[in-house]
Amino acid sequence: MAESTGVGERRASSEAAMDAEVTDGFELPGAPDAFGRLWTPHRMAYVKGGQGQFRNQDDCPFCAAPGRSDEESLIVHRGRTAYAVLNLFPYNPGHLLVCPYRHVPDYTDITAEETAEMAAIAQTAMRVIRKVSGPHGFNLGINQGDAGGAGIASHLHQHIVPRWGGDGNFLPIIAQTKQITQTLDETRRILSEAWPEDGTAAGAE
């Protein structure tokens with residue numbers, strides 16, 4: 001019978017040590033892999049709160065934003081009845097939200113003036129984003145109500161998402177992660193500087 005060289009024992013000991021390094025608090029062993037992790041703990045406060053976390057005008061971020069500076073609130077444009085603000089959790093660079101100042105939940109709750117200005121701001125936003133970053137297309141939409149997927153259902157807001165060919169790469173599809181290559185304050189500055197001085201009337205194509 002061959003004498004043990006101790007190689008197998010050392011290998012087993014080494015593998016056990018490696019396994020201990022990747023065992024989590026539930027004592028579930030993992031395996032080292034080549035994938036990096038993009039940790040976003042700042043989102044947890046939003047995720048844990050759920051869709052019902054902002055129900056009242058007092059705690060609504062869309063009501064609070066106009067009371068702060070444009071830089072602090074990431075506001076790109078202020079109109080008479082509505083304003084444009086960067087999404088704090090953008091799908092793509094330049095992802096804007098158009099919100100009425102009034103705290104109303106439903107598209108049918110806004111006045112004709114608010115409806116017209118929200119539409120005008122959306123059109124101008126598309127022109128401005130095309131000018132500064134040349135997207136290939138856009139997604140525009142309103143998620144209405146909790147069941148409709150609205151993150152803040154109590155305050156109406158319209159999404160304007162610039163899209164580029166190939167921007168739906170493997171990260172969001174496989175890893176549920178989106179790569180944003182520009183800081184929000186830089187994006188806000190670029191868009192606000194390119195916004196027409198006379199509001200939503202200029203820039204027609």
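## A tour of the chain, ending at helix α7

In this predicted model, residues 24 or more positions apart account for 61% of the contacts in the chain with a separation of 6 or more.

Start with the whole chain. Colour it by secondary structure to show seven helices and five strands. From one end of the sequence to the other, the order is α-α-α-α-β-β-β-α-β-β-α-α.

Next, show the surface. The chain exposes about 12,700 Å², and carbon and sulfur atoms supply 54% of that area. Of the 205 residues in the chain, 33% are buried.

Now select the loop between α4 and β1, where Leu74 lies. Leu74 is not a glycine, yet its phi is positive, at about 65°. Is Leu74 buried or exposed? Its relative accessible area is 11%, so Leu74 counts as buried, the cut-off being under 20%.

Move on to helix α7, residues 184–194. Show the side chains of Thr187, Arg188, Leu191 and Ala194, which are the buried residues of this helix. Then look down the axis of α7: the buried residues fall within an arc of 145°, so they line one face of the helix. The spacing has a general background: an α-helix has 3.6 residues a turn, so residues three or four places apart point the same way.

Turn to the face of α7 that points away from the buried side. Asp185 and Glu193 are the exposed residues there.

Last, keep the buried residues of α7 selected and add what they pack against. Which elements are these? They are the helices α4 (70–73) and α5 (112–133), together with the strands β1 (75–78), β2 (82–86) and β3 (96–100).

Note on methods
Residues numbered from 1 in each chain as written. Predicted model: local features only at pLDDT ≥ 70, side-chain atom pairs only at ≥ 80, totals over all residues. Heavy atoms only, no water. Buried < 20%, exposed > 50% of the residue type's maximum accessible area, 1.4 Å probe, protein only. Helix = DSSP H or I, 4+ residues; strand = E, 2+ residues; numbered from the N terminus. Arc of directions from axis to C-beta. Contact = heavy atoms within 4.5 Å. Areas by Shrake-Rupley, 256 points an atom, 1.4 Å probe, with all protein chains shown as cover.
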